[in-house]
Amino acid sequence: MAASIAGVFTDDLKHAIESCKILVVGAGGIGCEILKNLVLSGFKDIEIIDLDTIDVSNLNRQFLFQKQHVGKSKAQVARESALSFNPDVNIVAHHDSVMKPEYSVNYFKQFKMVLNALDNRAARNHVNRMCLAADIPLIESGTAGYDGQVELIKKGMTKCYECEPKAAQKTFPGCTIRNTPSEPIHCIVWGKHLFNQLFGEYDADNDVSPDTEDPEAAGSAGESAAKGKANEKGDIERVTTRQWAQQSGYDSSKLFHKLFHDDIDYLLSMHNLWEKRRKPTPLKMDQLPDAVAGSSKDNPAEGLKDQRPWSIVECAQIFSRSLKELKNKFEDLQSKNKDDHLVWDKDDKDAMDFVAACANIRAYIFGIAQKTRFDIKSMAGNIIPAIATTNAIIAGLVVLNSFNVLRDQLESCHSVYCRLKPNHRGQLIVPERGLNPPNEKCYVCRDSPQISVCVDVNKLTVKELEERVLKSLLNMVQPDAVKDSTGDVIISSEEGEMDGIHHKTLAEMGILDGSVLSVDDFVQTYSLKVIVNHREAEHNKPDIELIGDQSKCQPKEEGEKTNGASGDKAAEEEDDLMLIDEINETPSTSDRKRKQDPSEESPASKKLRAAGAVDHDIIVL
């Protein structure tokens, strides 16, 4: 090991390396390289945590894993492989989510520093907040193809991970996905929604195959349904697409005819949609074109299988085969638990084949260029190809920065960028000139964190405030919210405590324009003020907008009438990062909130009362 070789490190650095304790979060492309580098450098006390398991697709760049490890815990196998370099190192591996409450601030405080190698924005935000709360250095890293980045995050010294807004994930209107696709990605999203409609977690808002038994449907489909037989109450029975598919035994011919013929006829009955658009062409399974230009039918021996376009006939065959396999998996799950469902995974062959086949058939119907399975997998999984060399470079820079931390030379930990092409100075690895100071308006690391949220208080419910604002947009795990002016508890992390008010609107709970909520998350040891600003919902504009700069959205005095909108024009999209090769870092919902020590109670908390009844490697550059 490097620390055992005379002259490699100074005595002080050697002692610091051998005596410090390090946490590595993530055991993927970067995480494996970091762990290897730490062990070979002489670090002797390391913990590593990762929720993911090894997939075949990981083997080309995550070199601590081999074929026999597929399906096993990444953290556990990384530990075993790293110990082969130096069996004297103490490595503790956790196959777990770092966002669980047991990995508290006290857990983080035991480490000299944390090295992040995550690909999940929610988990990155969480680790950022935990390190700020524990006041320990965090070395953040990520790669995207040939680009990479390493930066130090230290409370009060540098900007945190959430100081700057992240790139927004591009979203598509539901009507475009269901009715008028114009790009390959629209068809791919449609295929993923169809998978969930048939086999996954049901969400009526994302249904893409219309219910033609709906008398309120547009066009001739609605007229036909309206003539159907009514039940004893005079209502026409509606059968969901999943129920219909199950009743038909997931018959591929029937499903194909419904999805790609009857549903298209249904769309064609909406004549106004096609006045200025190319009309789609319904397909029948026994009358399919045998090839498309450049397809595998034309060139059966050229190129890799996943990188050849499929003919529409081949798509239909793959549709039938994958449908059968998914049916068997789904029925097997339901036999054990009728509420269970499949989860789409780009690395599940049958799930990926199903989406690829459906997307290409739909693209053909709408006159859109078809994509190879390889391209569809990249787009469906939001993947930027991971490059092993970039991972190795970035991991090396992470460990070099860790040496500066151990020397207490934090000012030397400049952010470093790796680039595909040299800059004007001929550099591929480009350091910044100094540390980036904290953003004084950051709602996470500023002295008194606060943020404004612009919503329609007459429409947004308490449950939506919790799920869409606090958890989704503000990345909290188990939030509690209290109305400042009255001390009323609006949201509680105690399971079931506030269920009676979840359906109520903010206005019904007395949360009006200018109301201030004190919100805290005990898991993250994080709290902030949320200023609610009323803004009437407008068509084609987001119904929620977060504004960190208070000068742009000044609150009114408590109690003013909510008869007008306030705040700037909403952003076009919610601030949400496009994930790459995503790891599911969802915390356990069974974990309960710890009771607060009475001695730690703030004056505000003493008067609380219940209101009412109640593939790795992403980078943001």
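Reader: Which loop holds D408?
Author: This is a predicted model. In it, D408 follows just after helix α14. The loop that holds D408 lies between α14 and β7 (416-418).

Reader: What is the phi of D408, a residue that is not a glycine?
Author: D408 comes just after α14. The residue is not a glycine, yet its phi is positive. The value is about 60°.

Reader: Is D408 buried or exposed?
Author: The relative accessibility of D408 is 59%. Over 50% counts as exposed. D408 is therefore exposed.

Reader: Which other loop has a residue with positive phi, and where does T525 sit?
Author: T525 is a residue other than glycine, and its phi is positive, near 45°. T525 sits in the loop between β12 (516-521) and β13 (526-534).

Reader: How far does helix α14 reach from its first C-alpha to its last?
Author: Helix α14 covers residues 388-406, which makes 19 residues. At 1.5 Å a residue, 27 Å is expected. The helix comes close to that, with a reach of 27 Å.

Reader: Is C418 buried or exposed?
Author: C418 lies in strand β7. Its relative accessible area is 5%. The cut-off for buried is under 20%, so C418 is buried.

Reader: What separates the C-alpha atoms of C418 and I394?
Author: Leaving aside neighbours within four places in sequence, C418 is in contact with Y146, D147, G148, T390, I393, I394 and L428. I394 is therefore one of its contacts, at 24 residues along the chain. The C-alpha atoms of C418 and I394 are separated by 7.6 Å.

Reader: Which residue does the UniProt annotation "active site" cover?
Author: The annotation comes from an unreviewed UniProt entry. The residue concerned has its place in helix α6 (residues 174-178). The entry names C175.

Reader: Is C175 buried, partly exposed or exposed?
Author: The relative accessible area of C175 is 45%. Buried needs under 20% and exposed needs over 50%. The value falls in between, so C175 is partly exposed.

Reader: Which residues does T176 contact, leaving aside neighbours within four places in sequence?
Author: T176 also lies in helix α6. At 16% relative accessibility, T176 counts as buried. Its contacts beyond those neighbours are P181 and H186.

Reader: At what angle do the axes of α7 and α13 cross?
Author: Two packed helices are described by the angle between their axes and the distance between the axes. Helix α7 (residues 184-198) and helix α13 (residues 373-380) have axes that come within 10 Å. The pair is roughly perpendicular. The crossing angle is roughly 75°.

Reader: How do the residues of the contact of α7 with α13 divide?
Author: From α7 come P184, I185, I188 and K192. They meet I376, M379 and A380 in α13. The division is six nonpolar, no polar and one charged.

Reader: How are α12 and α13 oriented to each other?
Author: The axes of helix α12 (residues 349-365) and α13 come within 10 Å. They cross at roughly 105°. Angles of 65 to 115 degrees count as roughly perpendicular, so α12 and α13 are roughly perpendicular.

Reader: How do the residues of the contact of α12 with α13 divide?
Author: K349, M352, D353, A356, A359 and N360 stand on the α12 side. They meet R373, I376 and K377 in α13. The division is four nonpolar, one polar and four charged.

Reader: What covers the buried residues of α11?
Author: Helix α11 (residues 312-336) has 25 residues, and its end C-alpha atoms are 36 Å apart, which agrees with the expected span. Its buried residues include I312, F319, L326 and F330. The cover includes α7, α9 (241-247), α10 (252-268) and α12.

Reader: How far apart are the C-alpha atoms of E464 and T505?
Author: E464 is found in helix α15 (residues 462-473). At 28% relative accessibility, E464 counts as partly exposed. E464 touches K459 and V469, not counting residues up to four places away in sequence. Its C-alpha atom and that of T505, 41 residues away along the chain, are separated by 9.1 Å.

Note on methods:
Residues are numbered from 1 along each chain as its sequence is written. This is a predicted model: local features need pLDDT of at least 70, side-chain atom pairs count only at pLDDT 80 or more; totals for chains, interfaces and linings use all residues. Side-chain values use heavy atoms; hydrogens and water are left out. UniProt positions are given in the numbering used here, feature names are shortened, and annotations may be inferred rather than shown by experiment. Helices (H or I, at least four residues) and strands (E, at least two) are DSSP runs, numbered from the N terminus. Buried means under 20% relative accessible area, exposed over 50%, partly exposed in between (1.4 Å probe, protein chains only). The expected span of a helix is 1.5 Å times one less than its number of residues. Axes are lines fitted to C-alpha atoms, for helices over the stretch in contact, and angles run from 0 to 180 degrees between N-to-C directions. Angles under 35 degrees count as roughly parallel, over 145 as roughly antiparallel, 65 to 115 as roughly perpendicular and the rest as oblique. Contact means heavy atoms within 4.5 Å. Ala, Val, Leu, Ile, Met, Phe, Trp, Tyr, Cys and Pro count as nonpolar, Asp, Glu, Lys and Arg as charged, and the others, Gly among them, as polar.
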